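Biologist: Could you take me through one part of this model at close range? I'd like to follow a single sheet and what packs around it.

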Amino acid sequence: MFRKPVLLVIAHGSRDPRHAATVHALVRRVRALRPDVRVETGFLDFNIPSVQGVLESLATEGVREVVALPLLLTRAFHAKADIPAVLRDAPPQLRIRQAEVLGPSPLLLSALERRLYEAGLTPADKSSTGVVLASAGSTDPEAIAVIADIAREWRHTGWCAVRPAFASAALPRTEDAVRELREMGCSRVAVAPYVLAPGFLPDRIARGAVDADVLGDVLGASAEVARVLVERYEAARRPVLAALGA
């Protein structure tokens, strides 16, 4: 029997079936890491089960403690507005704490780098390779600033240069960042998608990477992402347990 708060992973959802498949694969990995924690999945849109449906089912079962974890890389509209709104409508007997989004995290940088090595780069290529850190994009200035900060941090690990790019809502686009790195004189250019699952915007990133030498895969159900989920869960559940006097 599970004694710890239920971990509810909240994904955006997509019409693209690859999105839900990736989310479910990631959740299976989290369950393997933490067999002592009940892990459920809910979607904001397009896919089932819905977040509201999962919360109602948990309440019916008698669950009382839930950690709601946004499967998001930055704190933008979904983390600040959509998810809190859904949680406010949860059954009143549930005590819910919203965990922090996944990024930024050194583990995610490790996952990005591993994806590039899987796509053909080697550690010896770093100093001559420019990297495009390609995210989905947002109208939220905080989210855009976080991506820029990550790019600066990653540059300091030995790459020739790292430039942020966005698939929507902000500039530059991936193809523009690829061109800039070429003009800077980087011997090769790699595109690292800073996205969790395949879908419409990751496909746009891939199209923008057509002139790059290397295109990494999405972060997906990687070991590093699963570990970040566990970290965020543990950080969020501590105040819950403190409030219960545990």
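How many bridges join strand 7 to strand 8, and do these strands run parallel or antiparallel?

Modeller: Happy to, and please keep in mind that this is a predicted model. Strand 7 (residues 188–194) and strand 8 run parallel and are joined by 2 bridges. Within this pair, V191 stands opposite L215 of strand 8. Both strands belong to an open sheet of 4 strands, ordered 6-5-7-8 and paired in parallel. Strand 8 (214–215) is one of its edges and strand 6 (161–166) is the other, each pairing on one side only.

Now look at what covers the strands. Helix 5 (residues 141–155) lies across strand 5 (129–135), strand 6 and strand 7. Its direction makes an angle of about 160° with strand 6.

From here, follow W154. Leaving aside residues up to four places away in sequence, W154 touches L109, L112, E113, L116, V131, L133, W159, V162 and A192. W154 also matters for the bigger picture: in the largest nonpolar core, which has 47 residues, L102 and W154 touch the most other members. Helix 8 (residues 223–243) gives the largest share of this core, 7 residues. Domain 1 (4–101 + 221–235) and domain 2 (104–213) both contribute residues, so the core lies between them. Apart from it there is another core, of 18 residues, including V6, A68, I83 and L94. As a general backdrop, nonpolar side chains tend to be buried together in soluble globular proteins.

Conventions. Residues are numbered from 1 along each chain as its sequence is written. This is a predicted model: local features need pLDDT of at least 70, side-chain atom pairs count only at pLDDT 80 or more; totals for chains, interfaces and linings use all residues. Side-chain values use heavy atoms; hydrogens and water are left out. A nonpolar core is a set of buried Ala, Val, Leu, Ile, Met, Phe, Trp, Tyr and Cys residues joined through side-chain atoms within 4.5 Å. Buried means under 20% relative accessible area, exposed over 50%, partly exposed in between (1.4 Å probe, protein chains only). Domain bounds come from an automatic or database domain assignment. Contact means heavy atoms within 4.5 Å. Two strands pair if DSSP finds at least two bridges between them. Axes are lines fitted to C-alpha atoms, for helices over the stretch in contact, and angles run from 0 to 180 degrees between N-to-C directions.
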